[in-house]
Each structure stands twice: as structure tokens, then as C-alpha cells.
Amino acid sequence: MKKYLKLDALTKAEVPRELDLRILAAGKLRQGALLQRRRKLRFVFSGAAAAAAFAVALGLCLMPQNQDFRDVSREEYAKLAALSDWTSVEQENYNLSGEIFWGSTSVTELADNRTSPGV
């Protein structure tokens, strides 16, 4: 340690034991103070995080909810339900795919049946 500090007084004579003990005690006190400060900061930050989470949850609970879908009349609701009904399209798709892959008719026969001009 003496050569790193580059103090001539420390290289010429030995440091008294009392001085070593005082330095070590001061370092221990400083380390204890730093640990206490860290504990306090950890307590403050965790409390602040809990308070922020509580504020967000409270804000979400008290937020007004828009329920405009109650104003839709029964006729409009029936029209919307009819528009979202895809059962006939799905059934036709199933029938066509079954004819193409498993049936005896070919794709050209299906195309001819679709575009037959005399019907």
C-alpha cells in the first residue's frame, strides 16, 4: 500500500498501530452508513412502486365505461347477425372441396356446370 500512495513518510517509518485501527474503524463506519442508505432507498423505492401500482389499479377501477352497444335496436342487431352468418358459404366450400378431392367429377366438369349458358 505504501508504494501505491507514493508517500515518502510511509516508506521511511512504520505506521503506528493506533492509526491503522482508526482508519479501519472509519472505513467500517462509512460502510455501515452506505448499507443503511441502500436499505432506506430500497424501502422508499419499493413503497413508491407499490403506491404507483395502487394508483393505476384505482384509476382503472374508477374509469368510466362506454356501453354504447345498448342503443342498438333489435332490427339492426338481426341485420348484423345475418351478415355474420357464414354457414351457407362454409357448407358450399365443404361440398366443392369434397367433389374436387374425393368425387368422380373433375375440376373442368365443375367449371362447365358453373358456366352453362342454357340454364
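Which helix does V44 lie in? V44 belongs to helix 3, which covers residues 17–62.

## Model and confidence

The structure is a predicted model. Its mean pLDDT is 80, and 72% of the residues reach 70 or more. Confidence varies along the protein: of its elements, helix 3 has the highest mean pLDDT, at 91, while helix 6 (residues 107–114) has the lowest, at 60. Where pLDDT is low, predicted coordinates should not be read in detail.

## Fold and surface

The secondary structure consists of six helices and zero strands. In sequence order the pattern is α-α-α-α-α-α.

Of the 119 residues in the protein, 2% are buried. The exposed area of the protein is about 11800 Å², and 61% of that area is supplied by carbon and sulfur atoms.

## The patch with V44

L41, F43, V44 and F45 make a nonpolar surface patch of about 460 Å². V44 has a relative accessible area of 49% and is therefore partly exposed. This value is over the 30% that a patch residue must exceed, and V44 itself is placed in helix 3.

## The loop between helices 4 and 5

Helix 4 (74–83) and helix 5 (87–101) are separated by a loop that contains D85. With a relative accessible area of 45%, D85 is partly exposed, because that class lies between the buried limit of 20% and the exposed limit of 50%.

The side chain of D85 makes a polar contact of 3.0 Å with the side chain of T87. The contact thus involves a residue of the loop between helix 4 and helix 5.

Methods: Residues numbered from 1 in each chain as written. Heavy atoms only, no water. Helix = DSSP H or I, 4+ residues; strand = E, 2+ residues; numbered from the N terminus. Buried < 20%, exposed > 50% of the residue type's maximum accessible area, 1.4 Å probe, protein only. Areas by Shrake-Rupley, 256 points an atom, 1.4 Å probe, with all protein chains shown as cover. Patch = residues over 30% accessible without salt bridge, like charges linked within 9 Å, V, L, I, M, F, W, Y side chains within 5 Å. Salt bridge = Lys/Arg side-chain N within 4 Å of Asp/Glu carboxyl O. Polar contact = N/O pair within 3.5 Å; in protein donor to acceptor, adjacent residues only side chain to side chain. pLDDT = per-residue confidence, 0-100.
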